[in-house]
Amino acid sequence: DPGAGLCRPCPAGHACANGTQAPCGAADKYSAAGASKCTTVPAGFFSTPETGDPTTRTGYAVCPAGTYCTGGIKAPCGSPDKYSSAAGATACSTVSSGYYSTPETGNSNTRTGQARCPAGTYCTGGTKAPCGSPNKYSSSGATACTTVSRGHYSTGGDSSTRTGQAQCPAGTYCTGGIKANCGSANKYSA
């Protein structure tokens, strides 16, 4: 029976005008209790609470680093080749060539920065990997490792993260990036 009940305050997540109540209608809108209209969630923010009915959101919060927010929805950057470094992002950035996303531990879908690939490693798709053998080396910022030249051996780093190469000196021989002595007085290298 219209008019037979008590008048009630408009609930949060709804707008009430001219005696009618309607949900805000989408995740990009929200309202507090008693609102006559719903408000649009600002760019870089998401509506709250995130669980429950997206048509009756009651507030909003800033999008944290490692995610982006559009249309009132928070989403992870989604892969190690993307990151967002600041709160309030509306899009994720692509990791630069020769860089990897950070932090390396934790969820690879919510990275918050990037760092230059160190010598002895290579970086592609936002990930870092060692060159892997004494026959390969790289300088800082590499997207691929270089094969050690014939007559040379690898230098720097450890056996899987070599950082350069040097010419094999007289009295030694070099193969596979490794330098070895000729071994006895009656042998030599040319």
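# A tour by selection: rings, charges and unusual backbone

Begin by selecting Glu50, which counts as partly exposed at 41% relative accessibility. Before you go on, keep in mind that this is a predicted model.

**Stop 1: Glu50 and its partner**

Which side chain meets Glu50 in a salt bridge? Add Lys74 to your selection: the two side chains come together with an N to O distance of 3.3 Å. Lys74 belongs to strand β8 (residues 73–76) and Glu50 to the loop between β5 and β6, so this pair ties together parts that are 24 residues apart in sequence. Lys74 is partly exposed, with a relative accessible area of 29%. As background, side chains of opposite charge can pair when their charged atoms come close.

While you are in this loop, select Pro49, which is also found between β5 and β6. Is the peptide bond from Thr48 to Pro49 cis or trans? Here the bond is cis, with omega near -10°. For context, most peptide bonds are trans.

**Stop 2: the second salt bridge**

The structure holds two salt bridges, and the other one is reached by selecting Lys128 and Glu104. Their closest N and O atoms are 3.3 Å apart. Where do these two residues sit? Lys128 lies in strand β14 (residues 127–130), while Glu104 lies in the loop between β11 (99–102) and β12 (113–116), so the pair ties together parts that are 24 residues apart in sequence. Both ends have some accessible surface to look at: Lys128 is partly exposed, with a relative accessible area of 31%, and Glu104 is partly exposed, with a relative accessible area of 43%.

Stay with Lys128 and add Tyr100. Lys128 lies over the face of Tyr100, at 4.6 Å from the ring centre. Lys128 therefore takes part in a salt bridge with Glu104 and also sits over a ring.

Next, select Pro103, in the loop between β11 and β12. The peptide bond leading into Pro103 from Thr102 is cis, with omega near -10°.

**Stop 3: the aromatic cluster**

Now show the rings of Tyr30, Phe45 and Tyr60, which form one aromatic cluster. How many aromatic pairs does a search of the whole structure find? There are two.

Take Tyr30 with Tyr60: their ring centres are 5.0 Å apart and their planes stand at 50°, so the pair is tilted. Tyr30 is part of strand β3 (residues 29–30) and Tyr60 of strand β6 (residues 59–62), so this pair ties together parts that are 30 residues apart in sequence. Is Tyr30 buried or exposed? Tyr30 is buried, with a relative accessible area of 15%, whereas Tyr60 is partly exposed, with a relative accessible area of 37%.

Then turn to Phe45 with Tyr60. These ring centres are 5.3 Å apart and the planes meet at 80°, so the pair is edge-to-face. Phe45 lies in strand β5 (residues 45–48) and Tyr60 in strand β6, so to speak two distant parts of the chain, linked across 15 residues. Phe45 is partly exposed, with a relative accessible area of 25%.

**Stop 4: another charge over a ring**

Select Lys179 and Tyr153. The charged end of Lys179 sits over the ring of Tyr153, 4.7 Å from its centre.

**Stop 5: Ser154**

Move along to Ser154, in strand β17 (residues 152–155). How accessible is Ser154? Ser154 is buried, with a relative accessible area of 5%. Show Arg162 too, and you can draw a polar contact of 3.1 Å between the side chains of Ser154 and Arg162. To see what else surrounds Ser154, leave aside its neighbours within four places in sequence and select its contacts, among them Pro134, Val148, Gly164, Gln165 and Gly177.

**Stop 6: Asn18**

Finish with Asn18, found in the loop between β1 (14–17) and β2 (20–23). What is unusual about its backbone? Asn18 has a positive phi of about 55° although it is not a glycine. For comparison, most residues other than glycine have a negative phi. Asn18 counts as exposed, at 80% relative accessibility.

Terms used:
Residues are numbered from 1 along each chain as its sequence is written. This is a predicted model: local features need pLDDT of at least 70, side-chain atom pairs count only at pLDDT 80 or more; totals for chains, interfaces and linings use all residues. Side-chain values use heavy atoms; hydrogens and water are left out. Rings of Phe, Tyr and Trp (its six-membered ring) pair if their centres lie within 6.5 Å; planes under 30 degrees apart count as stacked, over 60 as edge-to-face and the rest as tilted. Helices (H or I, at least four residues) and strands (E, at least two) are DSSP runs, numbered from the N terminus. Buried means under 20% relative accessible area, exposed over 50%, partly exposed in between (1.4 Å probe, protein chains only). A charge sits over a ring if NZ of Lys or CZ of Arg is within 6 Å of the ring centre and within 35 degrees of the ring normal. A salt bridge is a side-chain nitrogen of Lys or Arg within 4 Å of a carboxyl oxygen of Asp or Glu. A polar contact is a pair of N or O atoms within 3.5 Å; within protein, one must be able to donate a hydrogen and the other to accept it, and residues adjacent in sequence count only if both atoms are side-chain atoms. Contact means heavy atoms within 4.5 Å.
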